[in-house]
Amino acid sequence: MERVYNFSAGPAVLPEEVLKECQEEMMNYGGTGMSVMEMSHRSKAFESIINTAEDDLRELMNIPDNYKVLFLQGGASLQFAMIPMNLMKNKVADYIITGQWAKKAFEEAKIYGDAVAVASSADETFSYIPDCSDLPIRDNADYVYICENNTIYGTKFKTLPNTKGKTLVADVSSCFLSEPVDVSKYGIIYGGVQKNIGPAGTVIVIIREDLITEDVLPGTPTMMKYKIHADNKSLYNTPPAYGIYVCGKVFKWLKAQGGLGVMKEKNEKKAGILYDFLDNSKLFKGTVRKKDRSLMNVPFVTGNEELDAKFIKEAQAVGFVNLKGHRSVGGMRASIYNAMPIEGVEKLVEFMKKFEAENL
Ligand code: PMP
């Protein structure tokens with residue numbers, strides 16, 4: 001069966017090598033006579049899968065020893081609540097609003113305490129990242145929150161905000177493992193894995209140990225305490241076992257690619273092909289301020305809704321799928337995560353050139 005070039009924003013393309021390995025191991029994982037879906041999360045085989053996954057992630061991201069890695073459930077959206085419930089000691093948090101996901105996290109935090117938007121790019125449909133060098137961060141803020149890569153709008157923080165010494169919390173769902181990061185600059189880095197790492201249902205939380213305490217908001221459910229998951233090494237209850245297994249395979253794949261430095265180069269090259277074309281096209285145009293452009297999500301428009309729809313339809317017919325922009329913004333969006341091969345982007349650009357010639 002032919003595979004398509006899948007430009008979905010998530011769940012998204014995974015490396016073919018990984019999918020094939022999963023297929024090969026489906027009936028009998030490592031001589032256990034069963035698939036990973038069928039095995040106890042307390043078994044030796046699974047213990048090795050989760051421990052190896054954590055070790056490989058630590059190596060890839062160079063995660064310092066004073067950070068825990070948690071494999072949880074509930075998607076990125078459950079973190080919108082878990083973060084304030086666990087971190088709001090003063091019940092004060094400052095949010096930077098760069099899109100719908102940041103806004104959702106912000107709205108959720110307001111349920112639990114005094115959350116304030118200290119910056120926003122809503123005035124220009126989130127097409128840029130606000131200047132965050134001197135924000136009115138409050139002295140008693142428990143943390144400053146960002147969505148580092150804005151999946152819907154295609155923007156990315158190229159420099160982290162000046163949090164004035166406060167803990168930085170970042171949703172990296174759509175840029176996870178796309179380039180090296182300095183973990184020590186964050187209190188929490190978290191993301192759903194369904195864009196760059198694995199199947200939906202697993203969320204990875206990398207959290208500095210001093211933020212993991214018993215001192216959480218009253219009424220916080222047991223399952224929403226970081227401490228319970230940290231103390232139990234992500235095995236307090238049944239974890240998203242198959243998802244963790246696939247994540248582990250993607251970590252190995254990333255290591256084989258050469259690690260995050262190499263991924264960054266590849267991603268810059270891939271995104272560069274598309275952005276260069278958009279910058280020179282007479283029909284298509286990018287919608288994001290150049291300096292804030294994401295390497296992962298590339299939104300673009302023709303300026304004519306009918307033509308956008310025609311493009312999406314014709315692209316789909318020849319195997320470039322899921323190019324429709326988010327329902328809230330329209331137009332097109334090509335998500336080009338780690339596993340999208342460079343040929344996928346080159347061929348898409350060829351197709352766009354042809355479409356341009358036919359429709360100008
Ligand atoms: N944050 C970002 C940046 C996202 O792109 C998404 C999903 N598209 C979410 C959060 C929500 O993720 P989930 O569906 O896993 O809750």
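**Exercise 1.** By class, how many nonpolar, polar and charged residues does the shell around the ligand have?

*Solution.* The structure is a predicted model, in which local features need pLDDT of at least 70 and side-chain atom pairs count only at pLDDT 80 or more, while totals for chains, interfaces and linings use all residues. Residues are numbered from 1 along each chain as its sequence is written. Begin with the residues that surround the ligand, which are Gly10, Gly75, Ala76, Ser77, Trp101, Cys147, Thr151, Asp171, Ser173, Ser174 and Gly192, where a residue is near a molecule if its C-beta atom, placed from the backbone, lies within 6 Å of it. Next, apply the classes: Ala, Val, Leu, Ile, Met, Phe, Trp, Tyr, Cys and Pro count as nonpolar, Asp, Glu, Lys and Arg as charged, and the others, Gly among them, as polar. The shell then has 3 nonpolar, 7 polar and 1 charged residues. Helix α3 (residues 75-87) gives the largest share of this shell, 3 residues, helices being DSSP runs (H or I, at least four residues) and strands likewise (E, at least two), numbered from the N terminus.

**Exercise 2.** Determine whether arginine 42 is buried or exposed.

*Solution.* First locate arginine 42, which sits in the loop between α1 (16-25) and α2 (44-61). Then count: arginine 42 is exposed because it has 9 C-beta neighbours inside 10 Å, the cut-offs being 20 or more other C-beta atoms for buried, 12 or fewer for exposed, and partly exposed in between, with C-beta atoms placed from the backbone. Finally, the unreviewed UniProt entry lists Arg42 under "binding site", although such annotations may be inferred rather than shown by experiment.
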